[in-house]
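The exercises below ask the reader to work from a structure to short, reasoned statements about it. Please try each task before reading its solution.

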Amino acid sequence: MSTTFQAFRVNQSGEDFSAGVSEQTLENLPEGDVLIRVRYSSVNFKDAMASVKNSKIVEGYPVTPGIDLAGEVVESDSEHFREGDKVIATSYEIGVSHDGGYGEYARIPSQWIVELPDGMTLEESMVFGTAGFTAALSVHRLEEAGIRPEDGSILVTGATGGVGSMAISMLAKLGYKVVASTGKDSEHDYLKELGAQEVITREDVYDGKIKPLDKQRWAGTVDPVGGENLAAILSKLKYGGAAAVSGLTGGTDVPATVFPFILRGISLLGVDSVNCPMTIRRQIWNRLASDLKPKNALDKMKHEITLDELPDAFNTLLEGQARGRTIVKI
Ligand SMILES: NC(=O)c1ccc[n+]([C@@H]2O[C@H](COP(=O)([O-])OP(=O)(O)OC[C@H]3O[C@@H](n4cnc5c(N)ncnc54)[C@H](OP(=O)(O)O)[C@@H]3O)[C@@H](O)[C@H]2O)c1
């Protein structure tokens, strides 16, 4: 096996910052009992945040970002994985404080790895990636809260983004009526192709005013946007509704009141992909290969790039202009 390989590395020392593809050695990979030949990774909002100067989420330099990876095991000291096994590794410290998926090889602790489920290819697993996993966990949380298709429509915010696009296609497959909210006028047809029955503007969700209680509109929401948008949504959920909240592209402060909770019995459901327990993680990946796997939508969402094209992909994402899911062929 070659002891050198290519990886996209990010480094910062004082004001000196660099990001690009360079040659690495297997010996310099971090500790872990499983060595993986990475075939695909993906681009998430967190990857873009990890790859810019003065990143607030990287804990030490240099680092290979890439919070998602999928490939084949080439060496294993774990009883759970053997050479040749096809595996997925996402979340935990991957791509933030432990070298991640933007390299031809990754050494990962076995307790962070899941086996590729039957019915899913390595490529498909990265079209899903953390965004798809998070969307699926959001849908799972809404189901656990008792939200059924007959209860009313589900609002998906940040609809053209990774989490949003995935959530639309999964909810539509399960028979929910999906209302997609987007800031991109040009993407309404794309969102309808994914399964949205109605597409509305961001301003239709939040027009700058948040009432304690507003007209009841949606039975639930998958919300990766957060901020004031979320406060506005909470006041518009139907009686007994629920919000599955995963992100912060619209801000971190949620200026809500208690009224939707105490007068309409709504629920706020947190969604965390990073430290999600392994039993639930496996269950969600298996659902992604079966009942939550969109029929034709994965191809519509997918955009493939190489390691060299990562900086452009990060810029597009940070400008809020990304559409669907970008995978990285390694
Ligand atoms: N909790 C978790 O475990 C977890 C896991 C994955 C991601 N996340 C978080 O979820 C969020 C979305 O991730 P992603 O991968 O889907 O990102 P993404 O692909 O960049 O999509 C974000 C989308 O949000 C919308 N948006 C951007 N700026 C906005 C603003 N100022 N106000 C309202 N909407 C805005 C845009 O969609 P439109 O133009 O269509 O409105 C954009 O495409 C991020 O905050 C990410 O950190 C959390």
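**Exercise 1.** How far apart are the mean positions of the positive and negative charges of the protein?

*Solution.* Begin with the source: this is a predicted model, in which local features need pLDDT of at least 70 and side-chain atom pairs count only at pLDDT 80 or more, while totals for chains, interfaces and linings use all residues. Residues are numbered from 1 along each chain as its sequence is written, and side-chain values use heavy atoms, with hydrogens and water left out. Next, decide what to count: Lys and Arg are positive, Asp and Glu are negative, and His and the chain ends are not counted. Each charge is then placed at NZ of Lys, CZ of Arg, CG of Asp or CD of Glu. With 33 positive and 46 negative charges, the two mean positions lie 8 Å apart.

**Exercise 2.** Work out how compact the protein is for its length.

*Solution.* Start with the secondary structure, taken as DSSP runs (helices: H or I, at least four residues; strands: E, at least two) numbered from the N terminus; the protein has 10 helices and 15 strands. The radius of gyration, taken over C-alpha atoms, is compared with the globule rule, 2.2 Å times the number of residues to the power 0.38. The radius is 20 Å, close to the 20 Å that the rule gives for 330 residues, so the protein is as compact as a globular protein of that length. The C-alpha trace spans about 60 × 45 × 35 Å along its principal axes. Finally, buried residues (under 20% relative accessible area with a 1.4 Å probe, protein chains only; exposed is over 50%, partly exposed in between) make up 54% of the 330 residues.

**Exercise 3.** Classify the aromatic pair of Phe5 and Tyr105, and then that of Phe133 and Trp285.

*Solution.* Rings of Phe, Tyr and Trp (its six-membered ring) pair if their centres lie within 6.5 Å; planes under 30 degrees apart are stacked, over 60 edge-to-face, and the rest tilted. A search of the whole structure finds 6 aromatic pairs. In one of them, the ring centres of Phe5 and Tyr105 are 5.6 Å apart and the planes stand at 70°, so this pair is edge-to-face. Phe5 belongs to strand 1 (residues 4-13) and Tyr105 to strand 6 (residues 105-108), so the pair ties together parts 100 residues apart in sequence. Both Phe5 and Tyr105 are buried. Phe133 and Trp285, by comparison of centres (5.9 Å) and planes (35°), form a tilted pair. Phe133 in helix 2 (residues 122-144) is thereby linked with Trp285 in helix 8 (residues 278-288), 152 residues apart.
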